[in-house]
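Dear colleague,

I am handing over the structure we spoke about, and you will find it just below. After it I have set out what was found, beginning with a single residue and working outwards from there.

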Amino acid sequence: IKKIGVLTSGGDSPGMNAAIRSVVRTCAFHNIGCVGIYRGYQGMIEGDFKEMGPRSVNNIVNKGGTILKSARSMDFKTPEGREKAHKNLVKAGIDALVVIGGDGSFTGALLFNSEYDFPVMGIPGTIDNDIYGTSYTLGYDTALNTVVEVIDKIRDTASSHNRLFLIEVMGRDAGHIALNAGIGAGAEEILIPEEDLGLDRLLDSLRKSKAAGKSSSIVVISEGDKIGKTVFELKDYVESNFPEYDVRVSVLGHMQRGGAPSCFDRVLASRLGVKAVESLLEGESNYMVGILADKIVLTPLEQAIKGDSEIDTELLRVSDIMSI
Ligand code: F6P
């Protein structure tokens, strides 16, 4: 392998820049070329490339977002799009790819490999932490810290006004952000897609809170929960059952994806980037690099996409005990 292409694809996440920096500098360390591909697979199709060296990635380890920009490319889903992308890579002398993104990005990488036998390596970058084969995805730790910081602030208002806050957090179909940030921020109740506790349980819990003498409450709700109501419908439902509660809704939204990466995400990104490049140089392909029990390990991309990034249900019990 003489030249590696690196791209970020799907939703951006804090730590992607640190991963780009790591890939670029590991290539330089091993005396091979590195090309940044802009706007994910769309840039591959349009030939939007830039040669990168160690100095192209100065001062980005601390920056959120991705300097290479990101996109969810529809054209790459077509054989014609992938053919154009392949031609561009060959023309630029790129002979392997590092794809930083989530499961959609990995699905594209696998398909591309199967059609063109092109070496690919994935780095998990998403705040959702919903990828099998890694305990942490890039950006998840930062997002947790952001959510906890914001809920701490909301708690000030909740307790000053004796209010109940329903706080919706991201995570797509996974409840990792809700569960962990919920415990970290001391939520009364946490609703996640993996464990549908139902509306009765929520009401019961709020009843208990009141009886236990709590004057304000925080409920953290994962956007993918299976309760069957939007967070605003839930507000109406709670208010109709508890007229004494003054309920407010806060949907945290994209603030969860931004900001400077935490130290954990920066170190993780640096480690994953080194492993991704060195694995390609050792002739490996079709893997995702991840972290399990603090070791950087490879998981076949196919498993990473299809596997279940299980939620630790013991955390639900911890949350219950904490909200007594
Ligand atoms: O996958 C990251 C994520 O932020 C999810 O948590 C969320 O459901 C989705 O992306 C939002 O996507 P978009 O930025 O396209 O609205």
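A convenient place to begin is valine 220, which, once residues up to four places away in sequence are set aside, touches Ile167, Val169, Ala178, Ala181, Gly182, Ala187 and Ile190. Please keep in mind throughout that this is a predicted model.

Valine 220 is also one of the residues with the most contacts inside the largest nonpolar core, a set of 84 residues in which Ile4, Ala19, Val23, Val98, Ile167 and Ala178 are named alongside it. Helix H1, which spans residues 16-29, supplies the largest share of this core, with 7 residues.

As for the chain as a whole, its secondary structure comes to 11 helices and 11 strands. Its radius of gyration is 22 Å, close to the 20 Å that the globule rule gives for 324 residues, so the chain is as compact as a globular protein of that length. Taken along the principal axes, the box filled by the C-alpha atoms is roughly 70 × 35 × 30 Å. Buried residues account for 47% of the 324 residues, and, among contacts between residues at least 6 apart in sequence, 76% join residues at least 24 apart.

Turning to the records, an unreviewed UniProt entry carries the annotation "domain: Phosphofructokinase" over residues 3-279. Across that stretch the chain is 44% helix and 17% strand, and the C-alpha atoms at its two ends are 14 Å apart.

The unreviewed entry in UniProt also has a "binding site" annotation, which covers Arg21, Ser22, Val23, Val24, Arg25, Arg155, Gly186, Ala187, Glu188, Lys214, Ser215 and Ser216. These residues are spread over 196 residues of sequence and are spread in space as well, with up to 53.4 Å between C-alpha atoms. Two of the annotated positions were looked at individually. Serine 22 lies in helix H1 and counts as buried, because 26 C-beta neighbours fall inside 10 Å; leaving aside its neighbours within four places in sequence, serine 22 is in contact with Ala269, Ser270, Gly273 and Val274. Arginine 155, by contrast, sits in helix H5, residues 140-161, and is partly exposed, with 18 other C-beta atoms within 10 Å.

Which residues surround the ligand? They are Gly11, Gly102, Thr126, Ile127, Asp128, Met170, Gly171, Arg172, Glu223 and Arg257, and by class this shell has 2 nonpolar, 4 polar and 4 charged residues.

One member of that shell, arginine 172, deserves a look at its backbone, for its phi is positive, at about 55°, although it is not a glycine. Arginine 172 is placed in the loop between strand E6 (163-169) and helix H6 (176-184), and its 17 C-beta neighbours inside 10 Å make it count as partly exposed.

Aspartate 117 likewise has a positive phi in a residue other than glycine, near 50°. This aspartate is found in the loop between helix H4 (103-116) and strand E5 (120-124), and, because it has 8 C-beta neighbours inside 10 Å, aspartate 117 counts as exposed.

With kind regards

Key:
Residues numbered from 1 in each chain as written. Predicted model: local features only at pLDDT ≥ 70, side-chain atom pairs only at ≥ 80, totals over all residues. Helix = DSSP H or I, 4+ residues; strand = E, 2+ residues; numbered from the N terminus. Rg over C-alpha atoms; globule rule 2.2 N^0.38 Å. Buried ≥ 20, exposed ≤ 12 C-beta atoms within 10 Å, placed from the backbone. Contact = placed C-beta atoms within 7 Å. Near = placed C-beta within 6 Å. Nonpolar A, V, L, I, M, F, W, Y, C, P; charged D, E, K, R; others polar. UniProt positions renumbered as here; feature names shortened; annotations may be inferred. Core = buried A, V, L, I, M, F, W, Y, C linked by C-beta atoms within 7 Å.
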